[in-house]
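Me: I am a first-year student learning to read protein models, and I would like a close look at a single part of this one. Could you take me carefully through the sheet with the most to say about its neighbours, and then show me how the rest is arranged around that account?

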Amino acid sequence: MGTSRDDSRDAGTATSPHAGTATSPDATPRTGGTITAVAGATGRVSRQVVADLLTGGPAGSTRGRPMDPSDLVLLSRTPERAVETLTDPERGEPVPQASKCDIRVGDYTDPEGMRRALAGVDTFFMVSMTESAGRVDAHRAAVAAARDAGVRHIVYLSFVGAAEDAVFTHAREHHATEQALRAAAADSGPAFTILRDSFYTEVTGQFIVPDPWRDSGEAIAGPAADGRTGFVTTADVAACAAAVLRDPAAHRGRTYTLTGPEALTLGEVVEIVRGATGRDVRYVDETLAQARASRAGYGAPDWEVDAWISTYTAIAAGELDVVSDAVLQLTGTPPESVAAWWARRAG
């Protein structure tokens, strides 16, 4: 019912997780290869990107040569916990060789620290920091730090429909970050590639809450009407990012829209969940007033409540009704459907 996506949770000021041997912020990798830095290394997408780069990619994809861990820099606000998080089976699939990577402190809200963290880096995978009132300023500072550090290419994880007038408030923030990237590139700064993903398939599970309008059961509740969304899994997004990071020059200046194979209404999502799990869940197309009322108990600031609700109003407005072939184009593997993801999870 709340926020729609979480790219990082480890690139800025909010909660997130990372150990092995943490290096000095000024450390420079010891090999002569191309150095790639991954921000928010323990976050939902970045963790999978790191795994794909170190292993060559998931089975069945257009696999690349595994990256030497000494050519991979992991950025984390808490580097002393980084490898612990990445290799703990209780926290997800362990990431092979993560302990051999160069782990540095990276915090978008500390521009000078980011400049040191990106020293010697050629390609920077930049994810958005956790939603906050100052996120755009922090993103702009991170882009400036990358330029000052001599980074050659930034691969940015944005959002589908990023625009100044987007209904989804966070899509406006992604647009502002994209504009910062374009401005830097036009002024002899790093080249860029933009990956605009849709809402994550995993978020469909987070949308489900105790039904706010009846005494039992669960619901996906929000003013989305019969709008459609091309939900995409984080694994598919990570595979695309890894493919671009292996050969960033081939994707210079490109913008890719990453979606699943179909666009679904939230009512159709609910039917999939029921069929896969047997749960008593329904879709409630709330009015705006109902949406505010059902979220009032969270005690969140107005900007955050507005963002939560705009998750649904953006769907209603058709901003997420997009399906592309970019996942297949970049990875050689068709994207996983919502139905397949829920069936796998239920199994």
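Reply: What follows is a walk through one sheet of this predicted model, with a look afterwards at some other parts.

As a setting for the sheet, the protein has twelve helices and twelve strands, and buried residues make up 55% of its 347 residues. The protein exposes about 13,400 Å², of which carbon and sulfur atoms supply 48%.

The sheet to look at is an open one of seven strands, which come in the order S3-S2-S1-S4-S5-S6-S10 and pair in parallel. Strand S3 (102–105) and strand S10 (255–258) stand at its edges, and because each has a single partner strand, one side of each is left without a neighbour in the sheet. Going across the sheet, neighbouring strands are turned against each other by 20 degrees on average, if direction is ignored.

It helps to follow two of the pairings in detail. Strands of a sheet pair through backbone hydrogen bonds, either parallel or antiparallel. Strand S1 (residues 36–38) and strand S2 (residues 72–76) run parallel and are joined by three bridges, and within this pairing Val38 has Leu74 of S2 as its bridge partner. Helix H4 (residues 135–149) packs on the sheet, where it touches strand S4 (123–126) and strand S5 (153–159), and the direction of H4 makes about 170 degrees with that of S4. Helix H7 (residues 234–246) also packs on the sheet, touching S1, S4, S5, strand S6 (191–197) and S10, and its direction makes about 165 degrees with that of S6.

The second pairing is that of S4 and S5, which run parallel and are joined by four bridges; here the bridge partner of Phe124 is Ile154 in S5. S5 deserves a slower look, since seven of its seven residues are buried. In a regular strand the side chains alternate between the two faces of the sheet. In S5, His153, Val155, Leu157 and Phe159 point one way, while Ile154, Tyr156 and Ser158 point the other way, and all of these residues are buried.

Phe159, one of the residues of S5 just named, also leads to the aromatic rings, of which five pairs are counted in the protein. The rings of Phe159 and Phe168 have centres 5.1 Å apart and planes at 55 degrees, and since planes between 30 and 60 degrees apart count as tilted, this pair is tilted. Both Phe159 and Phe168 are buried. Ring pairs also link Phe159, Phe168 and Phe199 into a cluster.

A further ring pair is made by Phe207 and Tyr312, whose centres are 5.4 Å apart and whose planes lie at 40 degrees, so that this pair is tilted as well. Phe207 belongs to helix H6 (residues 203–207) and Tyr312 to helix H10 (residues 302–316), so the pair links distant parts of the chain, 105 residues apart. Phe207 and Tyr312 are both buried.

Beside the seven-stranded sheet, there is an open sheet of three strands in the order S7-S8-S12, and its pairing is mixed. Its edge strands are strand S7 (209–210) and strand S12 (281–284), each of which pairs on one side only. Strand S8 (residues 218–221) and S12 run parallel, joined by four bridges, and the partner of Ala219 in S12 is Arg282. Helix H8 (residues 266–277) packs on this sheet and touches S8 and S12, and its direction makes about 175 degrees with that of S12.

Helix H9 (residues 288–295) brings S8 and H10 into the account, for the buried residues of H9 pack against both. These buried residues are Ala291, Ser294 and Arg295, and because they cover an arc of only 95 degrees around the axis, they lie on the same side of H9.

Finally, two loop residues are worth finding in the model. Gln97 lies in the loop between helix H2 (82–87) and S3, and it has a positive phi of about 65 degrees although it is not a glycine. Ala225, in the loop between S8 and strand S9 (228–229), likewise is not a glycine and has a positive phi of about 50 degrees. Gln97 has a relative accessibility of 36% and so counts as partly exposed, and Ala225, at 32%, counts as partly exposed too.

Definitions and conventions
Residues numbered from 1 in each chain as written. Predicted model: local features only at pLDDT ≥ 70, side-chain atom pairs only at ≥ 80, totals over all residues. Heavy atoms only, no water. Pairing = 2+ DSSP bridges. Contact = heavy atoms within 4.5 Å. Axes fitted to C-alpha atoms, helices over the stretch in contact; angles between N-to-C directions. Phe/Tyr/Trp six-rings, centres within 6.5 Å; stacked < 30°, edge-to-face > 60°. Buried < 20%, exposed > 50% of the residue type's maximum accessible area, 1.4 Å probe, protein only. Arc of directions from axis to C-beta. Areas by Shrake-Rupley, 256 points an atom, 1.4 Å probe, with all protein chains shown as cover.
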